[in-house]
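Let's take a friendly walk through the fold shown here. Please keep the sequence and the coordinates open side by side as you read.

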Amino acid sequence: MSGALVAVLVIHWPFLIGVVVGAYLGAVTVLLLVLLAIADGSLFPRLGRALEDEVGLELRKAPGVFAVVSGVSFAHRDVDHVVLARAGCFAVEVKATFGRRRRLHDVPELPSKLAQAHDGARQIQRLLASRGVALQVTPVLILTGSGAPDMALAERHEDVLVVALRHGHAWRSKLTGLGPSLDEATAQIAADELLDYRRQRTDYELSHSR
């Protein structure tokens, strides 16, 4: 109706009518695509993957990072990113939150998010140990999205390091570290083992999905 009313107002200018009709048809098409994505349940997983990819790009640009292995899957969970850096090995869990929140404790289901980051790090540590690479793996929870709290500095909750994506300096300094605790050669061996496991896991999942 609003499109028709605007078209009536510019009825004497055919070019403007075309612009108005085109703009409204485009808006309706986008709206329908969004509604379809919500209806089939794919919108939020796609948004989550896009945010995970964004974090992965930021991690790869951080100083002191030797390698980043993304999407390491296990039977009941995925670890979004494993970062091998000068300061050590980190298992990164990315969680998006939306709305307006100023404090970390206002983030919905924070304990479960922390537990997921912790469990992911322990699985990565056991996996590397089983392949002959004994490393201490630090769990990291990166909060992103409009509802991420305003955290100027990284905060540690038990053994989980919590940071907000918008404050990149907070977690970049943690990855860089004050002194080296992981050498590049060991980091490369660990990255190769993780990549090999990821290939094996992908082949296993594909073979069981047929």
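In this predicted model, strand 4 (residues 137-144) is largely enclosed by the rest of the structure, because 7 of its 8 residues are buried. Buried here stands for under 20% relative accessible area.

What lies beside this strand? Strand 3 (residues 88-96) runs parallel to strand 4, and 8 bridges join the two. Along this pairing, C89 is found opposite V137 of strand 4, and V92 faces V140. Strand 6 (residues 160-164) also pairs with strand 4 in the parallel sense, over 4 bridges; there, L141 has V162 of strand 6 opposite it. As a general point, strands of a sheet pair through backbone hydrogen bonds, either parallel or antiparallel.

Here are the two pairings of strand 4 together:

| Pairing | Sense | Bridges |
|---|---|---|
| Strand 3 with strand 4 | parallel | 8 bridges |
| Strand 4 with strand 6 | parallel | 4 bridges |

Stepping back to the whole sheet, we find 6 strands in the order 1-2-3-4-6-5, forming an open sheet with mixed pairing. Strand 1 (65-73) and strand 5 (155-157) are the edge strands, each pairing on one side only. On average, neighbouring strands of the sheet are turned by 30° against each other, direction ignored.

Helices pack on this sheet too. Helix 4 (residues 110-130) touches strands 1, 2, 3, 4, 5 and 6, and its direction makes about 145° with that of strand 4. Helix 6 (residues 184-208) packs on the sheet as well, touching strand 1 and strand 2; its direction makes about 20° with that of strand 1.

Notes: Residues are numbered from 1 along each chain as its sequence is written. This is a predicted model: local features need pLDDT of at least 70, side-chain atom pairs count only at pLDDT 80 or more; totals for chains, interfaces and linings use all residues. Side-chain values use heavy atoms; hydrogens and water are left out. Buried means under 20% relative accessible area, exposed over 50%, partly exposed in between (1.4 Å probe, protein chains only). Two strands pair if DSSP finds at least two bridges between them. Axes are lines fitted to C-alpha atoms, for helices over the stretch in contact, and angles run from 0 to 180 degrees between N-to-C directions. Contact means heavy atoms within 4.5 Å.
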